[in-house]
Amino acid sequence: MELTGKVAVVTGGNSGIGKAIVLALAAKGATIVIDWVADEQATEALEDQVRALGDQVIGVEADVSKVTDLERLVASAVTAFGRVDVMVNNAGIETRTSVLDTTEAQYDRVLAINLKSAFFGTQLAARQMIAQGGGGRIINVTSVHEDWPMPGNTAYCVSKGGMRMLTRTAGVELAAHGILVVGVGPGAVATPINASTLGDPAALAKLNAAIPLGRMAQPEEIGSVVAFLASDAASYLAATTIFADGGLMQSSPGL
Ligand code: BGC
């Protein structure tokens with residue numbers, strides 16, 4: 001299989017888009033390291049699903065907003081499987097608060113989980129990839145909001161905008177080592193992060209109407225893009241973002 005022998009680490013890997021990424025990479029034969037912070041049972045169930053696909057897997061409880069936890073995450077992958085070939089910086093949260101009333105604590109948490117984790121996840125994975133001879137993929141799960149304003153979600157947009165420049169700049173720096181840094185920018189995806197919209201029929205109808213494809217994505221539709229980016233078929237993609245948004249960014253400004 002395409003990713004047989006490759007070791008992939010997925011942050012925030014036991015739910016939402018992260019879970020779909022784990023399953024998409026495992027379906028192509030990758031060995032999987034699932035980072036998680038909550039819901040051990042969900043992690044164990046997902047590990048069983050990966051094993052049922054014939055792949056090796058470990059789960060690592062690590063809060064990727066802390067560099068020491070990220071170091072332990074990467075070290076655990078190396079201890080268990082000897083290397084890291086694919087690092088997916090996927091963990092993310094949003095507060096949906098206006099710039100007028102976002103607190104310092106909310107700002108710090110969003111920036112730490114979304115952007116700081118991706119920065120140091122990139123750094124630590126790249127150091128490991130260079131130590132093992134170079135080559136590898138670093139895939140940052142950003143958002144249409146790396147570029148497109150979302151009023152009422154400013155800290156989130158700031159973090160995703162930062163991930164855009166992380167992807168571009170680290171992508172240029174690391175290309176010399178054969179490490180391809182690429183972003184995936186999802187639009188609206190049916191995951192826990194969008195629970196409030198999914199539970200509000202009027203808000204959901206408004207969102208669906210703004211999406212040219214007329215519906216939210218299923219997480220698997222993002223997982224498949226990440227699996228492509230981890231594969232040899234994506235060998236000439238570097239320092240850029242692929243948007244998987246059903247056309248959303250091209251439709252109406254803001255929602
Ligand atoms: C956000 C969602 C939003 C979607 C489309 C995502 O990045 O997490 O809250 O619905 O973008 O705007």
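I count a residue as near the ligand if one of its heavy atoms lies within 4 Å of it. I am working from a predicted model here, so I read every distance as a computed value, because that is what a predicted model offers.

**Entry 1: the neighbours.** I looked up who surrounds the ligand and found 12 residues. Those that come nearest are Glu94, Arg96, Ser143, His145 and Tyr156. Sorted by class, this shell holds 6 nonpolar, 4 polar and 2 charged residues.

**Entry 2: polar pairs.** Which side chains place a polar atom 2.6 Å from an oxygen atom of the ligand? I found Glu94 with such an atom at 2.6 Å. For Ser143, I noted a side-chain N or O atom 2.6 Å from a ligand oxygen. His145 also brings a polar side-chain atom to 2.6 Å from an oxygen atom of the ligand. I then checked the cover: on its own the ligand has 310 Å² of accessible area, and the protein covers 96% of that.

**Entry 3: the pocket.** Where does the ligand sit? I find the ligand in the largest pocket. I noted a volume of about 990 Å³ for this pocket. Its lining takes in 47 residues, and Gly92, Glu94, Thr191, Ile193 and Asn194 are the closest to the centre. Glu94 thus turns up twice in my notes, once beside a ligand oxygen and once by the pocket centre.

**Entry 4: the lining.** I sorted the lining residues by class and got 23 nonpolar, 17 polar and 7 charged. Next I asked which elements supply at least two residues each. My list has helix 1 (16-27), strand 2 (31-36), helix 4 (104-131), helix 5 (154-174) and helix 7 (201-210).

Key
Residues numbered from 1 in each chain as written. Predicted model: local features only at pLDDT ≥ 70, side-chain atom pairs only at ≥ 80, totals over all residues. Heavy atoms only, no water. Polar contact = N/O pair within 3.5 Å; in protein donor to acceptor, adjacent residues only side chain to side chain. Areas by Shrake-Rupley, 256 points an atom, 1.4 Å probe, with all protein chains shown as cover. 1 Å grid on protein atoms, 1.4 Å probe; cavity = no way out; pocket = protein on both sides within 12 Å on 5 of 7 lines; lining within 4 Å. Sits in = over half its atoms within 2 Å of the grid points. Nonpolar A, V, L, I, M, F, W, Y, C, P; charged D, E, K, R; others polar. Points joined across faces, edges and corners; volume = space filled by probe spheres on them. Helix = DSSP H or I, 4+ residues; strand = E, 2+ residues; numbered from the N terminus.
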